[in-house]
Amino acid sequence: MVSRSDDPSSLSRRQLLRAAGLGGLGFALTGPFLAACQVGSGGVGGGGASAGTLKIGFVSPRTGPAAGFGEPDAYVLGLARKAFAGGLMAGGKKYDVTVVDKDGQSDPARGAQVANDLINGEAVDLMLTTSTPETVNPVSDACEAAGVPCISTVVPWEAWYFGRGAKPDSTTPAFKYTYHFCFGVEQFHLAYTHLWPQVTTNKKVGVMWPNDSDGNAIRSALGPLLAQAGYTIDDPGAYTDGTNDYSSQIARFKTSGDEIFNTFPIPPDFATFWQQAAQQGFKPKIVQIAKTGLFPSQVESLGPLGVNLASAAYWTPTYPYTSSLTNISSKNLAEGYQSTAGKQWNQQLGPSLALFDVAAAALKAAADPKDKAAVAKAISTLDVQTPVGRLQWGKGPNANVVATPIIGGQWTASGGKYPLDFLLCENSSDSNVPIAAQLKPYA
């Protein structure tokens, strides 16, 4: 299999071995690294001459404000390329597989540009994209316009679906070529209304929801659901990404006596806001963050201010699910990453690998994997096992989307190898995932 990347950190097999401290000495692999290198065989590999090459494009934010989402890309791409190394059986023929990955740079214009480069310059047969509307939506739009099948994740599905012009009252699929799997407003609603009662509060919620696809979707849908659940929403209004002075919002939250704080910002904005909030004496009992605070590096960068922040997880090593492409369990996925990359596990590992599970299943399900319309149609009824759980298109919330869990938890101080642990505190959207702790007050 040919692999191509504009990311110099992309790992080859030799680099993976070297990173594990094995080099070229031919030592036997054991433990989590061995588990992370084992791959499935259903429809992958096999003998015989190749019928041609299938190209898969992959776009994520490797740099820019959302770069935290791209931290595990090199590792996941290495696993996917290893799984495809022997080729893919599809439509009764064996194909070589090339994965070409690009950095969307956390910028919509750049995301659209690299998507069109992959579509027109590389002639990809299938596109994968992940992490925030700023990357995923323009890539999805480019694919829909060009008639290239695309699978995306890690954007609240309403921000992906309605943010791209779909109508709530439509009875037909909004999109022919673009499909998505991700949590949505209902999963956030479930997580928050099961998590927040674990701490006694006055149920007043100060919110910072930005003027972007995520913020607007959350404001219109999550706000009313929380109000119905008995929470008073204190919303000072949409703010612009990149704002550097939040004094007026902080003063309002303090005057209102808000004991819960909730926000969906890009990571740099939360860091600025939370440092100003600490300086100005805003001390809520629950600090519930989303879109930022997902990864250890983001929370550790806040120092003591990061301890006991509440967040939510769309995947953790305790998810009891396995990749159908690689046969790697969630536990072994995290352990393999930690031993290879030398970093703490990152919840983006799960959905990024799941994209390749879906890609392999879609190409195998199509009668002709080179027929883009046939691949898109195959996705519309796909049923595939991934680290984030079983994905089944055609069961709603609409024809283009599978809603996946998001589970509430908290960053706590750790006495182990890493400074912080993320502990799950509720499991309302997937009872198969174990609860590890109860939410503690922030202060």
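Here are three short exercises on the empty spaces in this predicted model.

**Exercise 1. Find which strand gives the most to the lining of the second largest pocket.**

Solution. Start with the space itself: the second largest pocket has a volume of about 160 Å³. Next, look at who lines this pocket: Tyr 321, Val 388, Gly 389, Arg 390, Leu 391, Gln 392, Gly 396, Val 402, Ala 403, Thr 404, Pro 405 and Asp 430. Two elements give two or more residues to that lining, strand 14 (389-392) and strand 16 (401-403). Strand 14 gives the most, with four residues.

**Exercise 2. Sort the lining of the second largest pocket by class.**

Solution. Go through the lining and pick out the charged residues, Arg 390 and Asp 430. The full tally for this pocket is six nonpolar, four polar and two charged residues.

**Exercise 3. Describe the two largest cavities, starting with how many cavities of 30 Å³ or more there are.**

Solution. Begin with the count: there are three cavities of 30 Å³ or more. Now take the largest cavity, which holds about 140 Å³ of space. Its lining has 18 residues, and nearest the centre lie Pro 156, Phe 183, Phe 188, Lys 291 and Leu 294. By class, that lining has 14 nonpolar, two polar and two charged residues.

Then turn to the second largest cavity, with a volume of about 60 Å³. Among the residues lining this cavity are Thr 153, Cys 182, Tyr 314, Pro 351 and Val 388. Here the classes come to nine nonpolar, two polar and no charged residues.

How values were computed. Residues are numbered from 1 along each chain as its sequence is written. This is a predicted model: local features need pLDDT of at least 70, side-chain atom pairs count only at pLDDT 80 or more; totals for chains, interfaces and linings use all residues. Side-chain values use heavy atoms; hydrogens and water are left out. On a 1 Å grid over the protein atoms alone, a cavity is a set of points where a 1.4 Å probe fits but cannot get out, and a pocket is an open set with protein on both sides within 12 Å along at least five of seven lines; lining residues have an atom within 4 Å of a point. Grid points are joined across faces, edges and corners, and a volume is the space filled by probe spheres set on the points.
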